[in-house]
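Thanks for coming, everyone. Let me put the model on the screen, and then we'll walk through its empty spaces and its packing.

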Amino acid sequence: MALGCLVQAGRAALRARRGPGPTVGSLAFCTSPCPGPPARRSCAGPRTTSPSFGFLFDIDGVLLRGRLVIPAAKKAFQKLTDAKGRFHVPVAFVTNAGNCSRENKAEELSEALGFKVSPEWVILSHSPLRLFHEFHGKCMLVCGQGPVEENAKALGFQHVVTIENVRKAFPLLDMVDQSRRPKVLPPPTTDFPTIEGIILLGEPIRWETCLQLIIDILLSNGNPGAELSTVPYPHLPILACNMDLLWMAEAKMPRFGHGTFLVCLENIYKKMTGKDLKYEALIGKPSTVTYRYAEHVIKQQMESCGWTSPLRQLYAVGDNPMADIYGANLYNRYLQAQGEVSITAMAPESEAHLEVQRDHRSICSAESCQSILVCTGVYNPYGDMPVGPNENMLETVFHGHRDFHFDPSLVEASHVVHDVNDAVDLVFQKEDWKNE
């Protein structure tokens, strides 16, 4: 039954526009766009034993609350690093944030935690897009906030169009804000490129503008401003990052995440066309692609530090049951199935990818991925109880994405602790690990 749920989750998570996608084992690690190993100075000095486990830390709600550092985070990293800020064990920061660059997020973490965080250790929701080579040469619309064009180009996309580019070229399409409506009828735009796909990096600023223009592009088959007699379907490919419905900042209550924007887009498209919006790929937690990518980063860090023990155990620490815990548990199922189950398409098939798939154990060496839930973010251990004796709250209020089938066991953490410091203590105890 567990494997059945896994197959369903994978197939639903990736209903590709042109049919079933390749398996999670089809990605080549590592090609040139992959993150390089961190500098050797990031590792603590030589020791008699090498770590055989690694940490995958979520950021918001685990280490930070908006711009505020959770005090337990500094205590935790005092145990994870030496006096020079070098790690005793491998660590990666896995966040669904995507409206920034790896460099900016690493700088933010460095300032907050008090030691140098290398960008190579930071995995944003869109980081695995650097492996989607099939789309790098296409004209792609990118939506989000922050340096979206720069982020897309850094991931390998060569021809990028932004929402603002579309709005300026076709001002008659953005009509909700009356102050931005053109006073004079503009001449028609004739030289705008045909858009061949859409990248949703994260929640944008003006939702009404973004929702309207994305729908326009889907209904015009990439030619905004055009009017087609029939709705094109299948529609243009969509790559969506970060499915979090909610996230935790300084406010007492969770805030809307990119998953909420996706809910709006999906329902508007369905209401207007009667058809389901489909995704070429859904990445970021809880997608298995992100955890596999994170394992690769951990292995590179171990190699660069000269830690020779094989990676045996991953510990994913998060605050969101529907993202961090669901994703870690889903990846654990994949590891237990030894790569024989199709989960989430990551990149097009190629000879190199197929070769890697045949040599799966050289890529995914971890035996398991344990999920650790902290109580300093989205998760509230004192939240609402089920409304009836036969109702499960997690089933009646499922915050996961539409395309991830709900399985109650996937949101049950391996361990629940108060904060990230307790999580580190727990892992060190389980691994019988003592800093030398």
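**Cavities and cores**

Start with the largest cavity. Domain 1 (53–125 + 295–344 + 359–378 + 410–431) and domain 2 (129–282) both contribute residues to its lining, so this cavity lies between the two domains. Keep in mind that this is a predicted model.

How much space lies in the largest cavity? About 90 Å³. Its lining has 13 residues. Closest to the centre are Asp244, Leu245, Asn320, Met322 and His399. By class, the lining of the largest cavity splits into 7 nonpolar, 4 polar and 2 charged residues.

The structure holds 2 cavities of 30 Å³ or more. The second largest one has about 50 Å³ of space. Which residues line the second largest cavity? Here they are: Leu56, Phe57, Asp58, Val94, Lys285, Tyr291, Ala316, Val317, Gly318 and Asp324. Two elements, β1 (53–57) and β13 (313–318), each give two or more residues to that lining. β13 gives the most, with 3 residues. The classes here are 6 nonpolar, 1 polar and 3 charged.

Now the packing. As background, nonpolar side chains in soluble globular proteins tend to be buried together. In this model, the largest nonpolar core has 39 residues. Phe55, Phe57, Leu63, Phe77 and Phe93 touch the most other members. Several elements give two or more residues to this core: β1, α2 (71–80), β4 (91–94), α3 (102–113), β13 and α12 (420–430). The largest share comes from α12, with 6 residues.

So β1 and β13 turn up in both places: they help line the second largest cavity, and they contribute to the largest core. Phe57 does too. Phe57 lines the second largest cavity, and Phe57 is among the core residues that touch the most other members.

Let's zoom in on Phe77. Setting aside residues up to four places away in sequence, Phe77 touches Phe57, Leu63, Phe87, Val91, Phe93, Leu113 and Phe115. There is also a second, separate core, with 37 residues. Cys143, Phe192, Leu211 and Tyr326 are among its members.

Two single residues next. Take isoleucine 325, in helix α9 (residues 321–336). Is isoleucine 325 buried or exposed? Its relative accessible area is 0%, and the cut-off for buried is under 20%, so isoleucine 325 counts as buried. What surrounds isoleucine 325? Leaving out neighbours within four places in sequence, its contacts are Asn320, Ser371, Ile372, Leu373, Leu410, Val411, Glu412 and Ala413. Look at Leu373 in that list. Leucine 373 is 48 residues from isoleucine 325 along the chain, yet their C-alpha atoms are separated by 6.9 Å. Asn320 links back to where we began: Asn320 is one of the residues closest to the centre of the largest cavity.

The other residue is tyrosine 279. Where does tyrosine 279 sit? In the loop between α7 (258–273) and β12 (281–283). Tyrosine 279 is buried, with a relative accessible area of 1%. The C-alpha atoms of tyrosine 279 and leucine 239 are 6.2 Å apart, with those positions 40 residues apart along the chain counted as separation.

Last, the whole chain. The protein has 12 helices and 15 strands. Of its 436 residues, 56% are buried. Among contacts with a separation of 6 or more, 79% join residues 24 or more positions apart.

Terms used. Residues are numbered from 1 along each chain as its sequence is written. This is a predicted model: local features need pLDDT of at least 70, side-chain atom pairs count only at pLDDT 80 or more; totals for chains, interfaces and linings use all residues. Side-chain values use heavy atoms; hydrogens and water are left out. On a 1 Å grid over the protein atoms alone, a cavity is a set of points where a 1.4 Å probe fits but cannot get out, and a pocket is an open set with protein on both sides within 12 Å along at least five of seven lines; lining residues have an atom within 4 Å of a point. Grid points are joined across faces, edges and corners, and a volume is the space filled by probe spheres set on the points. Ala, Val, Leu, Ile, Met, Phe, Trp, Tyr, Cys and Pro count as nonpolar, Asp, Glu, Lys and Arg as charged, and the others, Gly among them, as polar. Domain bounds come from an automatic or database domain assignment. Helices (H or I, at least four residues) and strands (E, at least two) are DSSP runs, numbered from the N terminus. A nonpolar core is a set of buried Ala, Val, Leu, Ile, Met, Phe, Trp, Tyr and Cys residues joined through side-chain atoms within 4.5 Å. Buried means under 20% relative accessible area, exposed over 50%, partly exposed in between (1.4 Å probe, protein chains only). Contact means heavy atoms within 4.5 Å.
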